[in-house]
Amino acid sequence: MADEALFLLLHNEMVSGVYKSAEQGEVENGRCITKLENMGFRVGQGLIERFTKDTARFKDELDIMKFICKDFWTTVFKKQIDNLRTNHQGIYVLQDNKFRLLTQMSAGKQYLEHASKYLAFTCGLIRGGLSNLGIKSIVTAEVSSMPACKFQGTMQKGVTDTPNKMFQWILCHRNGRLRRLTKPNIILKT
Amino acid sequence: MLVTLERGCHQGDELGLGLPSFPIDWSSELFTLTYGALVTQLCKDYENDEDVNKQLDKMGFNIGVRLIEDFLARSNVGRCHDFRETADVIAKVAFKMYLGITPSITNWSPAGDEFSLILENNPLVDFVELPDNHSSLIYSNLLCGVLRGALEMVQMAVEAKFVQDTLKGDGVTEIRMRFIRRIEDNLPAGEE
(Lines give C-alpha, C1' and ligand atoms only; values in the text may rest on other atoms or scores of the structure.)
Protein backbone atom coordinates (compact mmCIF):
# COMPACT_ATOMS: atom_id res chain seq x y z
CA MET A 1 0.00 0.00 0.00
CA ALA A 2 1.27 3.43 -0.84
CA ASP A 3 2.13 5.47 2.17
CA GLU A 4 0.43 8.80 2.78
CA ALA A 5 3.80 10.56 2.91
CA LEU A 6 4.38 9.61 -0.71
CA PHE A 7 1.18 11.26 -1.86
CA LEU A 8 1.87 14.42 0.16
CA LEU A 9 5.38 14.71 -1.26
CA LEU A 10 4.18 13.98 -4.78
CA HIS A 11 1.47 16.59 -4.49
CA ASN A 12 3.88 19.26 -3.26
CA GLU A 13 6.37 18.39 -5.97
CA MET A 14 3.62 18.62 -8.58
CA VAL A 15 2.70 22.10 -7.39
CA SER A 16 6.27 23.33 -7.47
CA GLY A 17 6.90 21.56 -10.79
CA VAL A 18 3.96 23.30 -12.42
CA TYR A 19 5.08 26.69 -11.17
CA LYS A 20 8.73 26.19 -12.04
CA SER A 21 7.96 25.24 -15.60
CA ALA A 22 5.37 27.96 -16.06
CA GLU A 23 5.90 30.15 -19.08
CA GLN A 24 5.58 33.89 -19.29
CA GLY A 25 2.29 35.10 -17.90
CA GLU A 26 1.01 31.68 -16.98
CA VAL A 27 1.23 32.32 -13.28
CA GLU A 28 -0.73 35.53 -13.52
CA ASN A 29 -3.47 34.27 -15.78
CA GLY A 30 -4.14 31.30 -13.59
CA ARG A 31 -2.97 28.68 -16.06
CA CYS A 32 -0.97 26.92 -13.37
CA ILE A 33 -3.95 26.68 -11.06
CA THR A 34 -6.00 25.33 -13.96
CA LYS A 35 -3.42 22.63 -14.68
CA LEU A 36 -3.42 21.47 -11.09
CA GLU A 37 -7.19 21.56 -10.94
CA ASN A 38 -7.47 19.47 -14.10
CA MET A 39 -5.12 16.87 -12.69
CA GLY A 40 -7.25 16.70 -9.57
CA PHE A 41 -10.33 16.35 -11.73
CA ARG A 42 -9.02 13.25 -13.49
CA VAL A 43 -8.00 11.70 -10.20
CA GLY A 44 -11.35 12.51 -8.60
CA GLN A 45 -13.23 10.88 -11.46
CA GLY A 46 -11.17 7.72 -11.24
CA LEU A 47 -11.33 7.50 -7.47
CA ILE A 48 -15.05 7.97 -7.18
CA GLU A 49 -15.75 5.31 -9.79
CA ARG A 50 -13.76 2.74 -7.87
CA PHE A 51 -15.12 3.93 -4.60
CA THR A 52 -18.82 3.84 -5.37
CA LYS A 53 -18.78 0.54 -7.22
CA ASP A 54 -20.64 -1.26 -4.46
CA THR A 55 -22.41 1.53 -2.65
CA ALA A 56 -26.15 2.05 -2.77
CA ARG A 57 -27.66 4.66 -5.03
CA PHE A 58 -27.64 8.18 -3.63
CA LYS A 59 -31.02 9.68 -2.78
CA ASP A 60 -30.25 13.27 -3.72
CA GLU A 61 -27.61 15.94 -3.99
CA LEU A 62 -27.34 16.38 -0.25
CA ASP A 63 -26.76 12.67 0.17
CA ILE A 64 -23.91 12.88 -2.32
CA MET A 65 -22.37 15.85 -0.50
CA LYS A 66 -22.55 14.01 2.80
CA PHE A 67 -20.81 11.06 1.16
CA ILE A 68 -18.08 13.35 -0.08
CA CYS A 69 -17.70 14.87 3.38
CA LYS A 70 -17.59 11.59 5.26
CA ASP A 71 -16.48 8.57 3.28
CA PHE A 72 -14.65 10.23 0.42
CA TRP A 73 -12.78 12.72 2.60
CA THR A 74 -11.84 10.03 5.10
CA THR A 75 -10.50 7.83 2.34
CA VAL A 76 -8.39 10.55 0.80
CA PHE A 77 -7.43 12.70 3.78
CA LYS A 78 -7.89 10.30 6.71
CA LYS A 79 -10.47 12.50 8.41
CA GLN A 80 -13.97 13.81 7.80
CA ILE A 81 -14.96 17.28 6.81
CA ASP A 82 -15.57 19.20 10.00
CA ASN A 83 -18.53 21.23 8.88
CA LEU A 84 -20.90 21.13 5.90
CA ARG A 85 -23.22 24.04 5.22
CA THR A 86 -25.68 24.59 2.41
CA ASN A 87 -28.27 27.06 1.31
CA HIS A 88 -30.34 24.20 -0.15
CA GLN A 89 -30.14 25.92 -3.47
CA GLY A 90 -27.06 24.29 -4.86
CA ILE A 91 -24.29 25.91 -2.85
CA TYR A 92 -22.32 23.82 -0.36
CA VAL A 93 -19.46 24.87 1.86
CA LEU A 94 -17.14 22.17 3.20
CA GLN A 95 -14.95 23.23 6.06
CA ASP A 96 -11.85 21.34 7.05
CA ASN A 97 -10.14 22.75 10.14
CA LYS A 98 -6.97 20.80 9.71
CA PHE A 99 -6.54 20.22 6.01
CA ARG A 100 -4.00 17.49 5.46
CA LEU A 101 -2.20 19.19 2.61
CA LEU A 102 -1.66 22.37 4.63
CA THR A 103 -0.76 21.07 8.08
CA GLN A 104 2.91 20.62 7.22
CA MET A 105 3.13 24.08 5.80
CA SER A 106 2.15 26.67 8.28
CA ALA A 107 -0.18 27.37 11.18
CA GLY A 108 -1.60 30.81 10.85
CA LYS A 109 -1.37 33.60 8.38
CA GLN A 110 2.15 33.20 7.08
CA TYR A 111 2.39 32.08 3.41
CA LEU A 112 -1.34 32.65 2.98
CA GLU A 113 -0.86 33.94 -0.53
CA HIS A 114 0.61 30.59 -1.56
CA ALA A 115 -2.14 28.48 -0.06
CA SER A 116 -4.34 28.51 -3.15
CA LYS A 117 -1.69 26.60 -5.12
CA TYR A 118 -2.01 23.73 -2.68
CA LEU A 119 -5.78 23.67 -2.83
CA ALA A 120 -6.27 23.63 -6.59
CA PHE A 121 -5.71 19.89 -6.93
CA THR A 122 -8.25 19.15 -4.21
CA CYS A 123 -10.83 21.46 -5.79
CA GLY A 124 -10.42 19.41 -8.94
CA LEU A 125 -10.66 16.22 -6.93
CA ILE A 126 -14.06 17.24 -5.57
CA ARG A 127 -15.25 18.48 -8.95
CA GLY A 128 -14.14 15.24 -10.61
CA GLY A 129 -15.83 13.12 -7.97
CA LEU A 130 -19.08 15.02 -8.31
CA SER A 131 -18.85 14.91 -12.08
CA ASN A 132 -18.79 11.12 -12.14
CA LEU A 133 -21.73 11.06 -9.79
CA GLY A 134 -23.69 13.07 -12.32
CA ILE A 135 -23.25 16.52 -10.86
CA LYS A 136 -21.64 19.36 -12.73
CA SER A 137 -20.14 21.91 -10.38
CA ILE A 138 -17.67 24.68 -9.82
CA VAL A 139 -15.44 24.21 -6.79
CA THR A 140 -13.34 26.94 -5.25
CA ALA A 141 -11.37 27.13 -2.04
CA GLU A 142 -10.61 29.80 0.47
CA VAL A 143 -8.17 29.95 3.36
CA SER A 144 -8.19 32.54 6.09
CA SER A 145 -5.81 30.87 8.48
CA MET A 146 -3.86 27.69 7.76
CA PRO A 147 -4.41 24.80 8.13
CA ALA A 148 -8.14 25.46 8.11
CA CYS A 149 -9.79 25.95 4.75
CA LYS A 150 -13.18 25.96 3.08
CA PHE A 151 -14.21 24.43 -0.21
CA GLN A 152 -17.23 25.88 -1.88
CA GLY A 153 -19.14 23.84 -4.42
CA THR A 154 -21.74 25.45 -6.63
CA MET A 155 -23.89 22.88 -8.39
CA GLN A 156 -24.88 23.65 -11.93
CA LYS A 157 -28.26 22.84 -13.28
CA GLY A 158 -29.10 21.13 -16.52
CA VAL A 159 -26.61 18.38 -17.15
CA THR A 160 -27.59 15.94 -14.47
CA ASP A 161 -30.66 13.88 -13.89
CA THR A 162 -31.93 13.76 -17.42
CA PRO A 163 -34.14 10.69 -17.87
CA ASN A 164 -31.42 9.03 -19.96
CA LYS A 165 -28.84 9.46 -17.30
CA MET A 166 -31.12 8.25 -14.54
CA PHE A 167 -31.88 5.13 -16.49
CA GLN A 168 -28.17 4.45 -17.03
CA TRP A 169 -27.62 4.88 -13.33
CA ILE A 170 -30.34 2.39 -12.36
CA LEU A 171 -29.07 -0.20 -14.81
CA CYS A 172 -25.53 0.08 -13.49
CA HIS A 173 -26.61 -0.72 -10.01
CA ARG A 174 -28.86 -3.58 -10.96
CA ASN A 175 -25.97 -5.31 -12.66
CA GLY A 176 -23.96 -4.75 -9.54
CA ARG A 177 -21.12 -3.19 -11.47
CA LEU A 178 -20.44 0.40 -12.29
CA ARG A 179 -19.57 0.60 -15.95
CA ARG A 180 -19.46 3.72 -18.03
CA LEU A 181 -22.41 3.47 -20.41
CA THR A 182 -21.72 5.62 -23.39
CA LYS A 183 -24.65 4.76 -25.64
CA PRO A 184 -27.88 5.51 -23.86
CA ASN A 185 -29.98 4.65 -26.89
CA ILE A 186 -28.91 1.06 -26.85
CA ILE A 187 -29.60 0.75 -23.16
CA LEU A 188 -33.12 2.07 -23.60
CA LYS A 189 -33.88 -0.52 -26.23
CA THR A 190 -33.13 -3.40 -23.90
CA MET B 1 -5.57 10.71 -24.45
CA LEU B 2 -2.11 9.47 -23.65
CA VAL B 3 -2.34 7.13 -20.78
CA THR B 4 -5.37 4.95 -20.80
CA LEU B 5 -6.57 4.47 -17.29
CA GLU B 6 -8.51 1.30 -17.79
CA ARG B 7 -10.92 0.27 -15.16
CA GLY B 8 -9.44 -3.16 -14.78
CA CYS B 9 -11.18 -5.97 -13.01
CA HIS B 10 -10.35 -6.08 -9.41
CA GLN B 11 -8.40 -9.08 -8.25
CA GLY B 12 -11.23 -11.40 -7.37
CA ASP B 13 -13.14 -10.68 -10.50
CA GLU B 14 -10.62 -11.68 -13.13
CA LEU B 15 -12.74 -14.56 -14.36
CA GLY B 16 -15.82 -12.40 -14.38
CA LEU B 17 -17.61 -14.75 -12.02
CA GLY B 18 -18.81 -11.97 -9.76
CA LEU B 19 -16.39 -12.97 -7.01
CA PRO B 20 -16.13 -10.46 -4.18
CA SER B 21 -13.37 -7.91 -4.64
CA PHE B 22 -10.46 -7.85 -2.27
CA PRO B 23 -10.45 -4.75 -0.10
CA ILE B 24 -9.18 -1.90 -2.18
CA ASP B 25 -6.24 0.01 -0.77
CA TRP B 26 -7.18 3.62 -1.24
CA SER B 27 -3.88 5.31 -0.53
CA SER B 28 -2.41 3.20 -3.31
CA GLU B 29 -5.22 4.14 -5.67
CA LEU B 30 -4.88 7.80 -4.85
CA PHE B 31 -1.13 7.73 -5.44
CA THR B 32 -1.39 5.69 -8.63
CA LEU B 33 -4.11 7.90 -10.10
CA THR B 34 -2.30 11.09 -9.11
CA TYR B 35 0.92 9.81 -10.65
CA GLY B 36 -0.97 8.95 -13.84
CA ALA B 37 -2.45 12.44 -14.00
CA LEU B 38 1.02 13.90 -13.52
CA VAL B 39 2.60 11.87 -16.31
CA THR B 40 -0.28 12.72 -18.62
CA GLN B 41 0.15 16.42 -17.90
CA LEU B 42 3.92 16.23 -18.42
CA CYS B 43 3.41 14.53 -21.77
CA LYS B 44 1.19 17.41 -22.79
CA ASP B 45 3.69 19.99 -21.59
CA TYR B 46 6.84 18.51 -23.05
CA GLU B 47 7.12 17.53 -26.67
CA ASN B 48 9.28 14.48 -26.45
CA ASP B 49 9.54 11.49 -24.15
CA GLU B 50 13.14 12.18 -23.20
CA ASP B 51 12.19 15.51 -21.64
CA VAL B 52 9.36 13.88 -19.72
CA ASN B 53 11.75 11.20 -18.45
CA LYS B 54 14.19 13.88 -17.30
CA GLN B 55 11.46 15.85 -15.59
CA LEU B 56 10.17 12.76 -13.80
CA ASP B 57 13.70 12.01 -12.64
CA LYS B 58 14.15 15.57 -11.34
CA MET B 59 10.85 15.50 -9.50
CA GLY B 60 11.70 12.11 -8.07
CA PHE B 61 15.03 13.45 -6.88
CA ASN B 62 13.34 16.31 -5.04
CA ILE B 63 10.90 13.89 -3.46
CA GLY B 64 13.71 11.52 -2.51
CA VAL B 65 15.72 14.14 -0.61
CA ARG B 66 12.68 14.72 1.61
CA LEU B 67 11.46 11.16 1.76
CA ILE B 68 14.72 9.96 3.29
CA GLU B 69 14.09 12.06 6.39
CA ASP B 70 10.65 10.55 6.81
CA PHE B 71 12.13 7.11 6.25
CA LEU B 72 14.95 7.48 8.76
CA ALA B 73 12.59 8.93 11.34
CA ARG B 74 10.14 6.06 11.04
CA SER B 75 12.18 3.01 10.27
CA ASN B 76 14.85 3.06 12.99
CA VAL B 77 17.33 1.60 10.56
CA GLY B 78 20.94 2.15 11.54
CA ARG B 79 23.81 3.14 9.31
CA CYS B 80 24.48 0.71 6.46
CA HIS B 81 28.04 -0.59 6.33
CA ASP B 82 28.15 -1.52 2.70
CA PHE B 83 26.18 -1.48 -0.51
CA ARG B 84 24.71 -4.91 0.15
CA GLU B 85 23.14 -3.73 3.38
CA THR B 86 21.86 -0.68 1.57
CA ALA B 87 20.25 -2.90 -1.04
CA ASP B 88 18.53 -4.95 1.65
CA VAL B 89 17.19 -1.89 3.40
CA ILE B 90 15.90 -0.41 0.15
CA ALA B 91 14.10 -3.56 -0.88
CA LYS B 92 12.87 -4.96 2.41
CA VAL B 93 12.19 -1.82 4.43
CA ALA B 94 11.78 1.20 2.19
CA PHE B 95 9.81 -0.30 -0.69
CA LYS B 96 7.67 -2.17 1.78
CA MET B 97 6.98 0.94 3.82
CA TYR B 98 6.14 3.23 0.94
CA LEU B 99 4.77 1.05 -1.81
CA GLY B 100 3.78 -2.10 0.02
CA ILE B 101 5.91 -4.36 -2.17
CA THR B 102 9.17 -6.17 -1.56
CA PRO B 103 11.31 -6.36 -4.67
CA SER B 104 13.91 -9.09 -4.87
CA ILE B 105 17.59 -8.32 -5.18
CA THR B 106 19.54 -10.14 -7.87
CA ASN B 107 22.36 -9.89 -10.38
CA TRP B 108 25.09 -8.57 -8.16
CA SER B 109 28.15 -7.48 -10.09
CA PRO B 110 31.43 -9.21 -9.12
CA ALA B 111 32.71 -5.99 -7.56
CA GLY B 112 29.56 -5.69 -5.46
CA ASP B 113 28.74 -2.23 -6.76
CA GLU B 114 25.74 -3.00 -8.95
CA PHE B 115 22.54 -4.91 -8.35
CA SER B 116 19.05 -5.26 -9.72
CA LEU B 117 15.75 -4.75 -8.01
CA ILE B 118 13.10 -7.00 -9.51
CA LEU B 119 9.53 -5.83 -9.02
CA GLU B 120 6.97 -8.52 -9.77
CA ASN B 121 4.26 -5.92 -9.80
CA ASN B 122 4.65 -2.18 -9.90
CA PRO B 123 1.81 -0.33 -8.17
CA LEU B 124 2.46 2.78 -10.25
CA VAL B 125 1.33 1.06 -13.42
CA ASP B 126 -2.00 -0.33 -12.27
CA PHE B 127 -4.51 0.47 -15.01
CA VAL B 128 -1.83 1.94 -17.29
CA GLU B 129 -1.22 1.18 -20.93
CA LEU B 130 1.44 2.92 -22.98
CA PRO B 131 0.28 3.99 -26.44
CA ASP B 132 2.60 3.28 -29.38
CA ASN B 133 3.72 6.84 -29.93
CA HIS B 134 5.31 6.97 -26.49
CA SER B 135 7.53 3.94 -26.69
CA SER B 136 10.55 5.69 -25.17
CA LEU B 137 8.67 7.04 -22.18
CA ILE B 138 9.94 5.59 -18.93
CA TYR B 139 6.66 5.79 -17.09
CA SER B 140 7.90 5.02 -13.59
CA ASN B 141 11.05 7.10 -13.87
CA LEU B 142 10.06 9.01 -10.74
CA LEU B 143 11.19 5.96 -8.76
CA CYS B 144 14.74 6.24 -10.10
CA GLY B 145 14.87 9.88 -9.08
CA VAL B 146 13.56 9.06 -5.62
CA LEU B 147 16.21 6.39 -5.09
CA ARG B 148 18.96 8.69 -6.33
CA GLY B 149 17.81 11.65 -4.20
CA ALA B 150 17.31 9.65 -1.05
CA LEU B 151 20.70 7.94 -1.27
CA GLU B 152 22.49 11.18 -2.04
CA MET B 153 21.26 12.51 1.29
CA VAL B 154 23.01 9.61 3.00
CA GLN B 155 26.27 10.28 1.22
CA MET B 156 25.91 7.84 -1.65
CA ALA B 157 26.03 8.85 -5.29
CA VAL B 158 24.21 6.18 -7.27
CA GLU B 159 22.71 5.66 -10.67
CA ALA B 160 19.32 4.04 -11.02
CA LYS B 161 17.68 3.07 -14.27
CA PHE B 162 14.98 0.80 -15.60
CA VAL B 163 16.24 -2.09 -17.66
CA GLN B 164 12.99 -4.02 -17.89
CA ASP B 165 9.45 -2.70 -17.73
CA THR B 166 6.17 -4.60 -17.70
CA LEU B 167 4.60 -1.67 -19.52
CA LYS B 168 6.83 -2.41 -22.48
CA GLY B 169 6.01 -6.08 -22.54
CA ASP B 170 8.70 -7.46 -20.26
CA GLY B 171 7.76 -10.07 -17.72
CA VAL B 172 8.96 -8.10 -14.72
CA THR B 173 10.10 -4.61 -13.91
CA GLU B 174 13.82 -4.36 -13.21
CA ILE B 175 15.71 -1.36 -11.81
CA ARG B 176 19.49 -1.50 -12.07
CA MET B 177 21.29 0.32 -9.25
CA ARG B 178 24.94 1.26 -9.54
CA PHE B 179 27.11 2.70 -6.80
CA ILE B 180 29.21 5.55 -8.13
CA ARG B 181 31.01 6.94 -5.12
CA ARG B 182 30.71 8.08 -1.54
CA ILE B 183 29.93 11.76 -1.13
CA GLU B 184 32.38 13.17 1.37
CA ASP B 185 31.82 16.91 1.05
CA ASN B 186 28.93 19.17 1.96
CA LEU B 187 25.52 18.00 0.91
CA PRO B 188 24.67 19.31 -2.53
CA ALA B 189 21.63 21.51 -2.93
CA GLY B 190 18.55 19.90 -4.38
CA GLU B 191 18.20 20.12 -8.14
CA GLU B 192 16.21 23.09 -9.35
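The following paragraphs describe one helix of chain A, a residue within it, and a cavity lined by residues of chains A and B in this predicted model.

Helix α2 of chain A covers residues 31-51. At 1.5 Å a residue, its 21 residues should span 30 Å, and the end C-alpha atoms are 30 Å apart, which agrees with that expectation. Of these 21 residues, 15 are buried, so the helix is largely enclosed by the rest of the structure.

A:Glu37 lies in this helix. Its relative accessibility is 13%, and because buried means under 20%, the residue falls in that class. The side chain of A:Glu37 forms a polar contact of 2.8 Å with the side chain of A:Arg127. When residues up to four places away in sequence are not counted, A:Glu37 touches A:Arg127 as well as A:Ala120, A:Cys123 and A:Gly124.

Attention now turns to the cavity. The count of cavities of 30 Å³ or more comes to one, and the largest cavity has a volume of about 70 Å³. Three elements each give two or more residues to its lining: α1 (4-20) of chain A, and α1 (26-45) and α2 (49-75) of chain B. The largest share, four residues, comes from α1(B). From chain A, the lining includes A:Met14, A:Gly17, A:Val18, A:Ser21 and A:Met39. From chain B, it includes B:Leu38, B:Gln41, B:Leu42, B:Asp45, B:Gln55 and B:Met59. By class, the lining of the largest cavity divides into six nonpolar residues, four polar residues and one charged residue.

Note on methods
Residues are numbered from 1 along each chain as its sequence is written. Chains are lettered from A and ligands numbered from 1 in the order in which they are written. This is a predicted model: local features need pLDDT of at least 70, side-chain atom pairs count only at pLDDT 80 or more; totals for chains, interfaces and linings use all residues. Side-chain values use heavy atoms; hydrogens and water are left out. The expected span of a helix is 1.5 Å times one less than its number of residues. Buried means under 20% relative accessible area, exposed over 50%, partly exposed in between (1.4 Å probe, protein chains only). On a 1 Å grid over the protein atoms alone, a cavity is a set of points where a 1.4 Å probe fits but cannot get out, and a pocket is an open set with protein on both sides within 12 Å along at least five of seven lines; lining residues have an atom within 4 Å of a point. Grid points are joined across faces, edges and corners, and a volume is the space filled by probe spheres set on the points. Ala, Val, Leu, Ile, Met, Phe, Trp, Tyr, Cys and Pro count as nonpolar, Asp, Glu, Lys and Arg as charged, and the others, Gly among them, as polar. A polar contact is a pair of N or O atoms within 3.5 Å; within protein, one must be able to donate a hydrogen and the other to accept it, and residues adjacent in sequence count only if both atoms are side-chain atoms. Contact means heavy atoms within 4.5 Å.
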